[in-house]
Amino acid sequence: MKRLILKSVVAVAAMAALGLASAQERTLKMNLNGPDNHPAAAGMKKFAESVAAKTNGRIKISLFYNGALGSDQAVVSALKGGTIELAVMNSGILASEVKEMAIFDFPFLFANEKESDAVVDGPVGKKMHSLLEAKGIVGLSYWELGYRQITNSKRAINKVEDIEGLKLRVIPSPINIDWVKALGGNPTPLPFPEVYSAMEQRAIDGQENPVSVIAANKFWEVQKFMVLSNHQYNPQSVLMSKKVWDSLSPADRKIIDDAADEATQNQRKEARAAVAANLELLKKNGMTVTQLPPTEVNKLREKMKPVIDKYTASVGEATVKEVQTELAKLRK
């Protein structure tokens with residue numbers, strides 16, 4: 001009888017310990033290599049609020065901006081090791097882990113947000129994120145950075161030839177280096193937190209980023225000209241360390257997943273609504289904004305075709321065809 005009572009006591013204690021462990025408070029770090037008014041920042045704040053609300057404050061998301069936890073490459077390594085729990089970054093940067101993700105850096109891939117949403121939220125986007133799991137990273141969702149535009153401190157860009165000779169910062173990835181070369185520019189790969197000072201010191205002539213990023217970082221202070229080139233669309237991947245993901249209970253994983261989905265809708269809506277206002281802000285602060293005529297846009301596309309052909313081979317023709325098939329359906 002005593003033995004039975006002892007077993008019962010031990011079982012109850014074990015269950016209590018298990019319940020205590022599952023209810024333990026946790027603080028998860030989330031990194032962004034942009035300021036707190038960056039297009040992804042609204043999503044991060046919404047995500048953190050949602051997780052805190054769904055867990056009654058048991059799980060807190062601590063937000064870090066301006067690359068406080070390291071460069072994108074350092075953060076990817078830390079995600080794999082479990083020392084950083086969450087991050088948001090350009091999906092194309094992850095091509096260093098999964099080569100197929102370089103397709104998100106293809107010039108002129110998407111014509112509009114309807115196309116980009118359908119691809120990243122559909123089978124293609126899910127497949128890309130699933131491939132990251134073998135590398136120790138879980139893809140939760142895709143947020144929007146938007147269409148990239150070229151800025152510089154030297155001259156207005158009214159035709160493709162005006163890009164020739166400009167020293168432009170690019171995201172550190174081979175495809176971005178190659179498309180700038182194809183336009184006659186001099187590509188300079190740099191981590192984002194170094195871009196402003198490089199332009200201020202005239203180490204580079206310019207850079208390319210979406211309007212909201214250009215405005216959020218006050219690039220008008222060191223850049224005079226911007227052309228609305230819309231040459232590339234950037235989805236951003238919301239990422240979690242697989243080591244941390246695997247340590248969560250199924251219920252907490254669902255909370256994280258649901259919170260990321262909710263934040264996605266809010267983030268895209270805010271990012272898109274901010275574009276027009278930010279464009280006016282840039283003009284108000286003295287930036288000269290030009291737009292390429294259709295004939296010049298066609299020249300831009302033609303010059304980039306060899307780059308797309310080159311990376312179709314490295315990304316994989318099957319992956320490129322899968323994306324093109326999805327886009328063809330939408331364009332009907």
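The legends below describe an overall view and five close-up views of a predicted model.

**Figure 1. Overall view of the protein chain in the predicted model.** The secondary structure of the protein chain consists of 12 helices and 10 strands. Along the principal axes, the C-alpha atoms occupy a box of roughly 90 × 45 × 35 Å. Of the 332 residues in the protein chain, 52% count as buried. Among contacts with a separation of 6 or more, 76% are between residues 24 or more positions apart.

**Figure 2. Close-up of G146 in strand β4.** Strand β4 covers residues 137-152 and includes G146. The relative accessibility of G146 is 5%, and because buried means under 20%, G146 counts as buried. Leaving aside residues up to four places away in sequence, G146 touches P210, Q232, Y233 and N234. The C-alpha atoms of G146 and V211 are 8.1 Å apart in space, while the two residues are 65 residues apart in sequence.

**Figure 3. Close-up of the packing of helix α6 with helix α11.** Helix α6 spans residues 174-182 and helix α11 spans residues 294-315. Their axes are 8 Å apart and the packing angle is about 155°. Angles over 145 degrees count as roughly antiparallel, and α6 and α11 are therefore roughly antiparallel to each other. The crossing of these two helices, α6 and α11, is right-handed. On the α6 side the contact is made by P174, I175, D178, W179 and A182, and on the α11 side by K303, M304, V307, K310 and Y311. Sorted by class, the contact of α6 with α11 has seven nonpolar residues, three charged residues and no polar residues.

**Figure 4. Close-up of the buried residues of helix α6 and the residue G184 just after α6.** The residues I175, N176, D178, W179 and V180 of α6 are buried. The buried residues of α6 pack against four strands and a helix, namely β4, β5 (167-170), β6 (186-189), β7 (206-210) and α11. Of the buried residues, I175, D178 and W179 also take part in the contact with α11. Just after α6, G184 adopts a positive phi of about 85°.

**Figure 5. Close-up of strand β3 and the strands β1 and β9 that pair with β3.** Strand β3 runs over residues 86-90, and five of the five residues are buried, so β3 is largely enclosed by the rest of the structure. Strand β1 (residues 26-32) pairs with β3 in the parallel sense, over three bridges. Strand β9 (residues 233-241) pairs with β3 in the antiparallel sense, over five bridges. A87 of β3 is the bridge partner of N31, and A87 also stands opposite L239 in β9. In a regular strand, side chains alternate between the two faces of the sheet.

**Figure 6. Close-up of the crossing of helix α4 and helix α5.** Helix α4 comprises residues 113-121 and helix α5 comprises residues 123-132. The two axes come within 3 Å and cross at roughly 50°. That angle makes α4 oblique to α5. V119, V120 and D121 of α4 make the contact with V124, G125 and K126 of α5. By class, the contact of α4 with α5 has three nonpolar, one polar and two charged residues.

Note on methods
Residues are numbered from 1 along each chain as its sequence is written. This is a predicted model: local features need pLDDT of at least 70, side-chain atom pairs count only at pLDDT 80 or more; totals for chains, interfaces and linings use all residues. Side-chain values use heavy atoms; hydrogens and water are left out. Buried means under 20% relative accessible area, exposed over 50%, partly exposed in between (1.4 Å probe, protein chains only). Contact means heavy atoms within 4.5 Å. Axes are lines fitted to C-alpha atoms, for helices over the stretch in contact, and angles run from 0 to 180 degrees between N-to-C directions. Angles under 35 degrees count as roughly parallel, over 145 as roughly antiparallel, 65 to 115 as roughly perpendicular and the rest as oblique. A crossing is left-handed if the near helix is turned anticlockwise from the far one by less than a right angle, and right-handed if clockwise. Ala, Val, Leu, Ile, Met, Phe, Trp, Tyr, Cys and Pro count as nonpolar, Asp, Glu, Lys and Arg as charged, and the others, Gly among them, as polar. Two strands pair if DSSP finds at least two bridges between them.
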